[in-house]
Amino acid sequence: MNRRNFLMAAAVAPVAPALAAPPGPSIETKILRLNLQHTWTTTMSSSQYRDTLHVAYARDGITGHGEGAPIVRYHEDAESARKAVESVRGLLLSANPMQFAKVMAEVFRRVPGEWAGKAAIDIALMDWVGQKLGIPLYTYFGLDPKDTPLTTFSIGIDTPEITKQKTREAADFPILKVKVGLATDEPTIEAVRSVTKKPLRVDANEGWKDKEEAVRKINWLEKMGVEFIEQPLPAEMIEETRWVRGRVHIPIIADEACQRASEIPKLKDAFDGVNVKLDKSGGLLEAYRMIQIAKALGMKTMLGCMVSSSVSVTAAAHLSPLVDYADLDGNLLISNDPFRGVLVEKGKLVLPGRAGLGLRGA
Ligand code: MG
């Protein structure tokens, strides 16, 4: 089914009998293949496309859109995410969507794992609720869209020549995020630095395996104008990260070590901040909770994303006025985004003023 048919199906199904009440609620799940502009390499994988799960929740003539990008690290794929959503179809069709917090608590209780599937449900419900209330989601959360941070643009791991080319292509972005964590860290950073003096943020994706190596690399990165380092060591090496933190000057941000709100207190002295992603947390509600808990503990907050369409990235962007750092460029890395939502102007996230997520067809 192409996107147009998918949207039409979401809007009209199920077919209402003549003279009946407005169409009852419906849910459509669909796996979308998103094509990457560049082959995307991190310490974890290399790929030319990503499949994400899309959910359309329709009721009262309003359609809410949600998306989740499955994360291999959490043993998910698009099909398992789709099955997770289908497993709670009955609950979602019978529930009152205005009781979204109660509904999502029940979804979390019934569905083990499958964070991307849960995120797709949560985002679709919140998009629907925002449209029903006639307000953008940032207004629902009490935020000022002028407070959005700059987003970084990510440079995946590649040869020095292609790294230089990608850095030049990112000319509009005032801050870059560079992926490291393989044997090529120094040539990668030197390639970026050979074409730009911009501030850099670096993500090692758990790529360094011992604490001395991490200290050496982080202190070198600081000299190269790097603002902070994300997940230098494997997630479970919290004690070693604490040791590293005592020997470096730039902030250390937890990503793989921090999936949900309940994990944040134990990270407090090992990390300066946390990278929150809707695909990890299971949606906007848990992401909001994570941001508030991190702030209460005096930690820095960041919103990140996976490679995904404008549905998921726009959802995260609605929370971005709350955070210190944003890395919300997953939709900019693909060539077939079916939606338009948040825009980026000279690195600044620009939220749509329309109700809910504020999405439009591309
Ligand atoms: Mg990361």
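**Exercise 1. How are helix 4 and helix 5 oriented to each other, roughly parallel or roughly antiparallel?**

Solution. The model is a predicted one.

Step 1. Take the two axes: helix 4 covers residues 100–110, and its axis makes an angle of about 170° with that of helix 5. The axes lie 11 Å apart.

Step 2. Apply the cut-off: an angle over 145 degrees counts as roughly antiparallel. Helix 4 and helix 5 are therefore roughly antiparallel to each other.

Step 3. List the residues that meet. Helix 4 brings Phe100, Val103, Met104, Val107 and Phe108. Helix 5 brings Trp115, Lys118, Ile121, Asp122, Leu125, Met126 and Val129.

Step 4. Sort them by class: the contact of helix 4 with helix 5 has 10 nonpolar residues, 2 charged residues and no polar ones.

**Exercise 2. Describe the packing of helix 8 and helix 9, and give the classes of the residues in contact.**

Solution.

Step 1. Helix 8 spans residues 185–193 and helix 9 spans residues 211–223. Their axes are 12 Å apart and form an angle of about 10°.

Step 2. Because angles under 35 degrees count as roughly parallel, helix 8 is roughly parallel to helix 9.

Step 3. On the side of helix 8, the contact is made by Asp185, Glu186, Ile189 and Glu190. Helix 9 answers with Lys217, Trp220 and Leu221.

Step 4. The class count for the contact of helix 8 with helix 9 is 3 nonpolar, 4 charged and no polar residues.

**Exercise 3. Find the cavities of 30 Å³ or more and describe the lining of the largest cavity.**

Solution.

Step 1. The structure holds 1 cavity of 30 Å³ or more. The space in the largest cavity is about 30 Å³.

Step 2. Its lining consists of Ile27, Val55, Tyr57, Leu92, Ile121, Ala124 and Leu125.

Step 3. Assign the lining to elements: strand 2 (46–59) and helix 5 (115–133) are those that give two or more residues. Helix 5 supplies the largest share, 3 residues.

Step 4. By class, the lining of the largest cavity has 7 nonpolar residues, with no polar and no charged ones.

Step 5. Link this to Exercise 1. Ile121 and Leu125 line the largest cavity, and Ile121 and Leu125 are also among the residues of helix 5 that meet helix 4.

**Exercise 4. State the domain layout, then place the second largest pocket in relation to the domains.**

Solution.

Step 1. The domain assignment divides the chain into domain 1 (26–134) and domain 2 (139–361). Over C-alpha atoms, the centres of domain 1 and domain 2 are 22 Å from each other. Their contact takes 40 residues from domain 1 and 49 residues from domain 2.

Step 2. The second largest pocket has about 240 Å³ of space. It is lined by 14 residues, and those nearest its centre are Gln37, His38, Phe153, Glu169 and Leu333.

Step 3. Strand 1 (26–41), strand 4 (153–155) and helix 7 (160–169) each give two or more residues to this lining. Strand 1 gives the most, with 4 residues.

Step 4. Sorted by class, the lining of the second largest pocket has 8 nonpolar, 4 polar and 2 charged residues.

Step 5. Domain 1 and domain 2 each provide at least three residues of the lining of the second largest pocket.

Definitions and conventions
Residues are numbered from 1 along each chain as its sequence is written. This is a predicted model: local features need pLDDT of at least 70, side-chain atom pairs count only at pLDDT 80 or more; totals for chains, interfaces and linings use all residues. Side-chain values use heavy atoms; hydrogens and water are left out. On a 1 Å grid over the protein atoms alone, a cavity is a set of points where a 1.4 Å probe fits but cannot get out, and a pocket is an open set with protein on both sides within 12 Å along at least five of seven lines; lining residues have an atom within 4 Å of a point. Grid points are joined across faces, edges and corners, and a volume is the space filled by probe spheres set on the points. Ala, Val, Leu, Ile, Met, Phe, Trp, Tyr, Cys and Pro count as nonpolar, Asp, Glu, Lys and Arg as charged, and the others, Gly among them, as polar. Domain bounds come from an automatic or database domain assignment. Axes are lines fitted to C-alpha atoms, for helices over the stretch in contact, and angles run from 0 to 180 degrees between N-to-C directions. Angles under 35 degrees count as roughly parallel, over 145 as roughly antiparallel, 65 to 115 as roughly perpendicular and the rest as oblique. Contact means heavy atoms within 4.5 Å.
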